[in-house]
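Open the model in a viewer and keep a selection panel at hand. The stops below give what to select and what is there.

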Amino acid sequence: MRVLPFGDRAILAEYDSLAETMDAFRTLNAARPPGVRELVPAARTVLACIDPTQISLRAAEQWLRDTKAIHAVEGMSDSVTIPVRYDGPDLAETAEFLGINVDELISRHSSAEWQCAFIGFTPGFAYLAGPTGLEVPRRATSRQSVPPGSVGLAGEFTGIYPRSSPGGWQLIGTTDAVLWDETREDPSTIAPGMTVRFEVQP
Amino acid sequence: MSTLVVVQAGPNTLVQDLGRPGLAHLGMGSAGAMDRAALALANRLVGNPSDAAGLEILFGNASFATDEDVWIAIAGAWGSVTAGGRAVQPHTTTMLAAGETLLFGQAANGIRYYLAVRGGIETPVVLGSRSRDTLAGIGPDPLVDGQSIPIGPEPEAPIPPVDLVPVDAPTTGEVTLELRPGPRRDWFAEDAWHVLMAADWRVSPRSDRSGIRVEGPALQRRNTGELPSEGMLPGAIQVSPDGAPTILAVDHPVTGGYPVIAVVTDESLDALAQLRPGQPLRFRLATGR
């Protein structure tokens, strides 16, 4: 783990792997000292934004260094189940790329326990990390408009488009679940650290 | 409840308060007034809390009217502003009478006027703020001609007994922004840091609330690999593969994959709001703390 400077209001912790980053974020987020305003997890980093009137950068750095990441155990995090119709336009092609048949792809995707590593791209767009063996490249050309509720795969992640946007993920399914609603107190259905399961819907 | 009528919206007029910090982990930036101090000052001049919503008026050429007498104050950019034909000084409290027109001319210093109205702008609160986030598309749409927007009830605090707050106009000359090191200095060629600090930069016209692009020499990279996206903040100076720096502003994407060489300090951040296209710009390493 490395700690890197980020101006006068933030400090960046960098880890060696996605798994380590996720464990670190969960552990840090559970014991935030006063003055740490935001913790923004990403693929290899956690950005800690501070209020310098409440905590010094030095103290924040010490906290990042001293926190020993705890690996998640089952039942430790909040969980959500997302019903999916596996009807995406890239379903067959994705299965073929992985060298498995469509039923096998659906079974692997829906039986796995995924975990939200971070959110980015658009509000509520969760990058969900899960089992190995489902890694696929992005599409060679992005789609101009991906419909909301599209479930996709890209790299080591699965994700759901909360709203219509351009996108290059391999689309394998669709959900009616609302992923983002700014009128709710918790606008994002999925938050970093949460466990996500997909349920096959006919 | 009184109403502010948008007679002429101008090129881009937005409702802004001090934003909605704390949601970056859900993919939402803070948005809010780009020049926080200007909005807070205008609010205090009319007895509002500093974080009440006002209007952020880009460039000017906009006009407003009300159905009742209201107290107003203007801060941020400077230009010719009149109320019912009378000149309105910046950083003063002025009565806009019912039916009179408040007219903003083209800004001569800076580019973003802030208009505070006693009672505040009372458009609906979304996730704790009335601010328009131009990237996420949350909060009220940019104002349009003929629109009416509600003004809130009289605040408890009186109009403070000051005639004028002496604040300098945003400069039209060279602006110096203070920087602190960013996380990815080691991704750049040896001389890139020196070039950043020594060069004469210029504000690109392709700048907005998500980022200020600056024109000047290329900041050469040593590491041309791909950086996994990481968390960002307003003021972070991201450098694209061709070596061009962009200073992220309040509506920036919450994560980004270009390396950050340096970060504008909190104190210099408000100045980003008032940078005019083509304006000369320099960077300096912040000292202290």
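Select R36(B) and D270(B): the two form a salt bridge, with 2.9 Å between the closest N and O atoms. A salt bridge here is a side-chain nitrogen of Lys or Arg within 4 Å of a carboxyl oxygen of Asp or Glu. The model is predicted, so local features need pLDDT of at least 70 and side-chain atom pairs count only at pLDDT 80 or more, while totals for chains, interfaces and linings use all residues. Residues are numbered from 1 along each chain as its sequence is written, chains are lettered from A and ligands numbered from 1 in the order in which they are written, and side-chain values use heavy atoms, with hydrogens and water left out.

**Chain B, domain 1 against domain 2**

Colour residues 3–150 of chain B as domain 1 and residues 175–285 as domain 2; such bounds come from an automatic or database domain assignment. Their centres, taken over C-alpha atoms, are 28 Å apart. Now show the residues in contact, meaning heavy atoms within 4.5 Å: domain 1 of chain B has 28 of them and domain 2 of chain B has 17.

How much area is buried between domain 1 of chain B and domain 2 of chain B? About 1,700 Å², with 49% given by carbon and sulfur atoms. Buried area is the accessible area (1.4 Å probe) that two parts lose on being put together, summed over both. Select M34(B), R36(B) and L135(B) next: they supply 36% of the area that domain 1 of chain B buries against domain 2 of chain B, more than any other three residues.

The rule finds three salt bridges across this interface of domain 1 and domain 2 of chain B. There are also 15 residue pairs in polar contact, both residues at pLDDT 80 or more. A polar contact is a pair of N or O atoms within 3.5 Å; within protein, one must be able to donate a hydrogen and the other to accept it, and residues adjacent in sequence count only if both atoms are side-chain atoms.

On the domain 1 side, the elements that give two or more residues are strand 2 (12–16), helix 1 (36–45), strand 5 (70–83) and strand 8 (101–117) of chain B. Helices (H or I, at least four residues) and strands (E, at least two) are DSSP runs, numbered from the N terminus. Strand 8 of chain B gives the most to that side, with seven residues.

**Helix 1 of chain B**

Select helix 1 of chain B and colour by accessibility: seven of its ten residues are buried. Buried means under 20% relative accessible area, exposed over 50%, and partly exposed in between (1.4 Å probe, protein chains only). The buried residues are A38(B), L39(B), A40(B), L41(B), A42(B), N43(B) and L45(B). Add strand 2, strand 3 (54–58), strand 5, strand 7 (93–96) and strand 8 of chain B to the view; they are included in what covers these buried residues. After the helix comes G47(B), with a positive phi near 80°.

**Chain B against chain A**

Show both chains. The contact takes 34 residues from chain B and 37 residues from chain A. The two chains bury about 2,700 Å² between them, 63% of it on carbon and sulfur atoms. In chain B, select H25(B), L26(B) and L233(B), which lose the most area to chain A, together 23% of what that side buries.

Across the interface of chain B and chain A the rule finds three salt bridges. For a salt bridge between the chains, select R2(A) and D186(B), whose side chains meet at 3.9 Å, N to O. Nine residue pairs are in polar contact between chain B and chain A, both residues at pLDDT 80 or more. On the side of chain B that touches chain A, two or more residues come from each of strand 10 (175–181), strand 13 (230–231), strand 17 (260–264) and helix 3 (266–269) of chain B. Strand 17 of chain B has the largest share, three residues.

**Chain A, domain 1 against domain 2**

Hide chain B and colour chain A as domain 1 (2–66) and domain 2 (79–201). The C-alpha centres of these two domains lie 27 Å apart. Domain 1 of chain A puts eight residues into the contact and domain 2 of chain A puts in nine. The area buried between them is about 670 Å², of which carbon and sulfur atoms give 69%. The rule finds zero salt bridges across this interface of chain A, and the polar contact count is one residue pair. End on helix 1 (residues 18–30) of chain A, which gives the most to the side of domain 1 of chain A that touches domain 2 of chain A, with four residues.
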